[in-house]
Amino acid sequence: MLSEQELIEGCRKGSRAFQKALYDRYCRKMLVVCLRYSKTTAEAEDILQEGFVKVFQGIKDFRQEAKLETWITRIMVNTALNVQRKKLYLYPMVDVAEINLPEEEMSISGIHFTQLLEMIQALPQGCQIVFNLFAIEGYSHKEIAESLGISEGTSKSQFARAKSLLQAKLLKESTYYERYGEAKI
C-alpha cells in the first residue's frame with residue numbers, strides 16, 4: 001500500500017495510477033460525507049466527482065499542514081456547500097423565535113446508520129446543511145453564518161429545528177422498535 005506522501009507526490013506529477021489509488025483509498029469515506037449534504041445518492045456522487053476533480057487540481061498546492069484525508073474532507077464539504085448554496089434561494093431560511101425541544105436525551109443505539117443518514121437527508125435543506133456543519137463537521141454558528149451568508153441566529157434556529165425534527169423521527173423509530181422488535185430496513 002502506498003504511503004500518503006507517495007500518493008501526494010504521484011498525484012502532483014499527474015500520474016493517473018496514483019490518482020486512481022488516491023481515489024480508491026478515500027472515495028467511500030468521502031461519499032458518506034457527500035451523502036450527508038445531499039438528498040439523493042446521485043447528487044452525492046456528482047458532488048464526489050466534482051470534489052475529486054478539485055482535489056487533483058489543487059494537490060500541487062497542498063501544504064501538508066494537516067492529514068491528506070482531512071484536506072480532502074474539507075474540499076468535499078466545501079464542494080457540497082457550493083452545490084447547496086446554489087439551491088438555497090429556493091428554500092426559506094427563517095429565524096425561528098422559539099422552538100420547544102424535549103429536555104430528555106435519546107439513545108440512537110437501535111437505529112442503523114443508513115436509517116440515520118436517510119433521516120438527515122429528509123431534513124429541509126437549510127436544516128440539513130446547518131446540522132451537518134455544526135453537529136458533524138464541528139463548525140461554529142458564526143462560521144456557518146459567514147459561509148452561508150445568513151445570520152448567526154438563523155444558523156442556531158436551523159440547528160435547533162433540525163435537532164427537533166431528528167429527535168421526533170428517532171422517537172418514532174424507537175417506538176416502532178418497541179412495538180415490533182425489528183428494524184424495517
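Let's start at Ser155, which sits in helix α8, the stretch covering residues 152-180. This is a predicted model, and in it Ser155 has a relative accessible area of 0%, so it counts as buried. What does Ser155 touch, once its neighbours within four places in sequence are set aside? Its contacts are Val130, His141, Ile144 and Ile150.

One of those partners, Ile144, turns up again when we move to Leu133. Leu133 belongs to helix α6, which spans residues 125-136. Its relative accessibility is 0%, so Leu133 is buried too. Leaving aside the residues within four places in sequence, Leu133 is in contact with Tyr37, Val77, Leu81, Gly138, Tyr139, Ile144 and Leu148. Take Leu81 from that list: 52 residues separate it from Leu133 in sequence, yet from C-alpha to C-alpha the two are 9.5 Å apart in space.

Now step back to Leu123, in the loop between α5 and α6. Is a residue in this loop buried or exposed, if we pick Leu123? With a relative accessible area of 0%, Leu123 is buried. Not counting residues up to four places away in sequence, Leu123 touches Lys39, Gln128, Phe131, Ala162, Leu165, Leu166 and Lys169. Lys39 is 84 residues away from Leu123 in sequence, while their C-alpha atoms are 8.9 Å apart.

With those spots in mind, here is the wider picture. The protein has eight helices and zero strands, so to speak a run of α-α-α-α-α-α-α-α when read along the sequence. It has 185 residues, and 39% of them count as buried. Contacts that reach across the sequence are well represented: among those between residues at least 6 apart, 71% join residues at least 24 apart.Next, have a look at how two of these helices meet. Two packed helices are described by the angle between their axes and the distance between the axes. For α2 and helix α5 (residues 113-121), the angle is about 40 degrees and the axes are 9 Å apart. Angles between 35 and 65 degrees fall outside the roughly parallel and roughly perpendicular ranges, and α2 and α5 are therefore oblique to each other. Which residues make the contact? From α2 come Val32, Leu35 and Arg36, and from α5 come Phe113, Leu117, Ile120 and Gln121. Sorted by class, the contact of α2 with α5 has five nonpolar residues, one polar and one charged.

Stay with helix α2 for a moment, since Cys34 lies in it. Cys34 is buried because its relative accessibility is 0%. Setting aside residues up to four places away in sequence, Cys34 touches Ala44, Ile47, Leu48 and Met76. Asp46 is twelve residues from Cys34 in sequence, and the two are 8.9 Å apart in space, C-alpha to C-alpha.

Cys34 also brings up the cysteines in general. A disulfide is a covalent bond between the sulfur atoms of two cysteines. How many disulfides does the structure hold? The count is zero. Two other cysteines can be placed by their accessibility: Cys11, at 4%, counts as buried, and Cys27, with a relative accessible area of 15%, is buried as well because the cut-off is under 20%.

Helix α2 has a part in the aromatic story too. The structure holds five aromatic pairs. One of them joins Tyr23 and Phe52, with 4.8 Å from centre to centre and 65 degrees between the planes, which makes it edge-to-face. This pair links distant parts of the chain: Tyr23 is in helix α2 (residues 16-36), Phe52 is in helix α3 (residues 41-58), and they are 29 residues apart. Are the two partners buried or exposed? Tyr23 has a relative accessibility of 33%, so it counts as partly exposed, whereas Phe52, at 3%, counts as buried. Together with Phe56, Tyr23 and Phe52 form one aromatic cluster.

Last stop: Gln64, in the loop between α3 and α4 (68-87). Its phi is near 60 degrees, a positive value in a residue other than glycine. Gln64 has a relative accessible area of 33%, so it is partly exposed.

Notes
Residues numbered from 1 in each chain as written. Predicted model: local features only at pLDDT ≥ 70, side-chain atom pairs only at ≥ 80, totals over all residues. Heavy atoms only, no water. Phe/Tyr/Trp six-rings, centres within 6.5 Å; stacked < 30°, edge-to-face > 60°. Helix = DSSP H or I, 4+ residues; strand = E, 2+ residues; numbered from the N terminus. Buried < 20%, exposed > 50% of the residue type's maximum accessible area, 1.4 Å probe, protein only. Axes fitted to C-alpha atoms, helices over the stretch in contact; angles between N-to-C directions. Parallel < 35°, antiparallel > 145°, perpendicular 65-115°, else oblique. Contact = heavy atoms within 4.5 Å. Nonpolar A, V, L, I, M, F, W, Y, C, P; charged D, E, K, R; others polar. Disulfide = S-S within 2.5 Å.
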